[in-house]
Amino acid sequence: MKIAIYQGASPEGDVEYAIKIVEMAVRSASVAGVKMIVFPELFLPGYNQPELHKSIAQSVCGEWDKKLAQISKKYSCGLTLGWAEQDEDRIFNSVSSFDEHGRKVCHYRKIQLFGEVEKSTFKCGDAYQLFTLNGYKTAVLICYDVEFAHHVQTLKDKGVELLLVPTANPAAYNNVPDYIVPARAAESGITIAYANYCGEEAGLRYGGRSLIVGPDGAALAKAGQGEVLLIANLDAIELIDKNLLSTQNVDKRLIIK
């Protein structure tokens, strides 16, 4: 199975433009035989747009939801994308996943909010969400979530094999894609697709460096700092020598009291 990441600049609040970028990227991914493409965190309407998050966030089954479903169905390609969700008087940093038939298969709300801006805008999510993608047990985390080992390990314990992570990681935190994400993959024996922005948005410079990393911690595909459609074939995981994978999932049970 092929999966993809779209790494590009933030739409900076221009939702119409963002939808056009989504359709273009999904169309290209579909031509390449991709089954799921992952976009960055809060791609609708952009990450560093706190006032817009408060003013134009949409509810589940709103127009954004419907348009994303239409695009995935039109090109027979699943998509996972971050967006600002309004639920009564609460706003969440959310991600939805649609399958190749345009059916919503996952809706997840960010648990670990980062920094005062996020905490002043969003409410915390409180539940993991799992689904099956072409035989792979799959889950979603958002940006800062994946930096906490217990979240990734809990999902592994639930049988998750593939983790999709939309992010908005700043350039000052390149240690996250370079070291932390590969470590999370290796210690839990899980494949992670980490989709970041590149460029700048309202004074915030993003680091790019999106990657798809296998359960041995090695990158199946890795981006630089420019716009790119990053594709990896997960069939390559079958070639990994399972004897070389981490044994932490077994040995963690040996606890010293």
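Where does asparagine 134 lie? In this predicted model, asparagine 134 sits in the loop that runs between strand 6 (130-133) and strand 7 (136-140). Its backbone deserves a look: phi of asparagine 134 is near 50°, a positive value in a residue other than glycine. Most residues other than glycine have a negative phi, and most peptide bonds are trans. As for its surroundings, asparagine 134 counts as partly exposed because its relative accessible area is 47%, which falls between the limits of 20% and 50%.

Follow the chain past strand 7 and you come to cysteine 143, in the loop between that strand and helix 5 (149-157). Here too phi is positive in a residue other than glycine, with a value near 45° for cysteine 143. Is cysteine 143 buried or exposed? Cysteine 143 is buried, because its relative accessible area of 9% is under 20%.

What is cysteine 143 in contact with, once its neighbours within four places in sequence are left aside? The list holds Glu41 and Lys110, together with Val165, Pro166, Thr167, Ala168 and Asn169. You can also trace a link to glutamine 112: its C-alpha atom and that of cysteine 143 are separated by 8.6 Å, while the two residues are 31 residues apart along the chain.

Now turn back to an earlier loop, the one between strand 2 (34-38) and helix 2 (50-56), where you will find proline 45. The feature to look for here is the peptide bond rather than phi. Leucine 44 and proline 45 are joined by a cis peptide bond, with omega about 10°.

Conventions
Residues are numbered from 1 along each chain as its sequence is written. This is a predicted model: local features need pLDDT of at least 70, side-chain atom pairs count only at pLDDT 80 or more; totals for chains, interfaces and linings use all residues. Side-chain values use heavy atoms; hydrogens and water are left out. Helices (H or I, at least four residues) and strands (E, at least two) are DSSP runs, numbered from the N terminus. Buried means under 20% relative accessible area, exposed over 50%, partly exposed in between (1.4 Å probe, protein chains only). Contact means heavy atoms within 4.5 Å.
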